[in-house]
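I have opened a fresh notebook page for a structure that is new to me. Let me jot down what I look up as I go, starting with how the helices pack.

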Amino acid sequence: MSMADEITRIRLTRDAIGPDVMLMLDMNAPYDVANCIRFAHAVAPYDICWLEEPLFWHLQPTDFMRLANASPIPLAHGEREWTRFTVRDFIDSGALKFVQFDSTRHAGFTESLRIAHYAKMNGVLIAPHSATHFHAHLVSTLKSTGNLRNRSATTRKVIISPVVQAGLASMPLRRYSNGQIQQRIGTGS
């Protein structure tokens, strides 16, 4: 698909969902830095929450820094990184607003907790990739994540995968509605 076609698709999507729905672009690593900067400026009027995995797989934190410095849209990255050390390099670069680690790839829950705490120490929000049934538990241990909205002192809301919402997969927590898990903060909740 050409960049012009992508921009048209994004405009039509924004028109269809309206201004009150967050629109995040999971890009699957299609661009070099220069073309991604052009793309980001072209889609910025459509109120994009983040550009997820926007650059070719072989590009490094310095390339993401160049993009972040020129992009009006925050960057999300991390699902394809395999260790906390490479994720650390991306966090340390200052390029990321959201880190999207994947516990099914990052040596499990403990490694993901390390990544999440490091991200938090550096002001980067977490928005775990995939495996909601697994990541909901991790997200519930943290006070701030990138995929929360309307957070209050007593409730955290975590976005649920449309697959779970449609009943095609099960969710261990049953307190959910409108695509969100409702988790009480406190012992035994």
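**Entry 1: α2 and α3.** My first note is that α2 and α3 run roughly parallel to each other, because their angle of about 25 degrees falls under 35 degrees. I should say right away that this is a predicted model. For orientation, I marked helix α2 as residues 33-43 and helix α3 as residues 61-70. Their axes lie 10 Å apart. I also looked up the handedness, and the crossing of α2 and α3 is right-handed.

Which residues of α2 and α3 meet? On the α2 side I wrote down Val33, Cys36, Ile37 and His41. Their partners in α3 are Asp63, Arg66, Leu67 and Ala70. Sorting the residues of this contact, I get 5 nonpolar, 1 polar and 2 charged.

**Entry 2: α1 and α2.** Next I turned to the other pairing of α2 on my list, the one with α1. I found that the axes of α1 and α2 come within 10 Å and cross at roughly 30 degrees. That angle is under the 35 degrees cut-off, so α1 counts as roughly parallel to α2. Here too I noted a right-handed crossing, as α1 passes α2.

From α1, the residues that I listed are Met3, Glu6, Ile7 and Ile10. They meet Asn35, Arg38, Phe39, Ala42 and Val43 in α2. The residues of this contact divide into 6 nonpolar, 1 polar and 2 charged.

**Entry 3: α4 and α5.** I then moved along the chain to helix α4, residues 84-93, and helix α5, residues 108-121. Their axes come within 10 Å, and they cross at roughly 15 degrees. I therefore put α4 and α5 down as roughly parallel to each other. The crossing of α4 and α5 is right-handed.

For this contact I copied out Arg84, Val87, Arg88, Ile91 and Asp92 from α4, and Glu111, Arg114, Ile115, Tyr118 and Ala119 from α5. How do the residues of the contact of α4 with α5 divide into nonpolar, polar and charged? I have 5 nonpolar and 5 charged, with no polar residue in the contact.

**Entry 4: a pocket.** Last, I looked up the second largest pocket, which has a volume of about 230 Å³. It is lined by 13 residues, and the closest to its centre are Glu6, Arg9, Ile10, Leu25 and Asp26. Where does the largest share of the lining come from? I traced it to α1, which gives 4 residues. Both α1 (3-17) and β1 (23-26) supply at least two residues each. By type, I sorted the lining into 8 nonpolar, 2 polar and 3 charged residues.

A cross-reference for my margin: Glu6 and Ile10 are among the α1 residues that meet α2, and both are also listed among the residues closest to the centre of this pocket.

Methods: Residues are numbered from 1 along each chain as its sequence is written. This is a predicted model: local features need pLDDT of at least 70, side-chain atom pairs count only at pLDDT 80 or more; totals for chains, interfaces and linings use all residues. Side-chain values use heavy atoms; hydrogens and water are left out. Axes are lines fitted to C-alpha atoms, for helices over the stretch in contact, and angles run from 0 to 180 degrees between N-to-C directions. Angles under 35 degrees count as roughly parallel, over 145 as roughly antiparallel, 65 to 115 as roughly perpendicular and the rest as oblique. A crossing is left-handed if the near helix is turned anticlockwise from the far one by less than a right angle, and right-handed if clockwise. Contact means heavy atoms within 4.5 Å. Ala, Val, Leu, Ile, Met, Phe, Trp, Tyr, Cys and Pro count as nonpolar, Asp, Glu, Lys and Arg as charged, and the others, Gly among them, as polar. On a 1 Å grid over the protein atoms alone, a cavity is a set of points where a 1.4 Å probe fits but cannot get out, and a pocket is an open set with protein on both sides within 12 Å along at least five of seven lines; lining residues have an atom within 4 Å of a point. Grid points are joined across faces, edges and corners, and a volume is the space filled by probe spheres set on the points.
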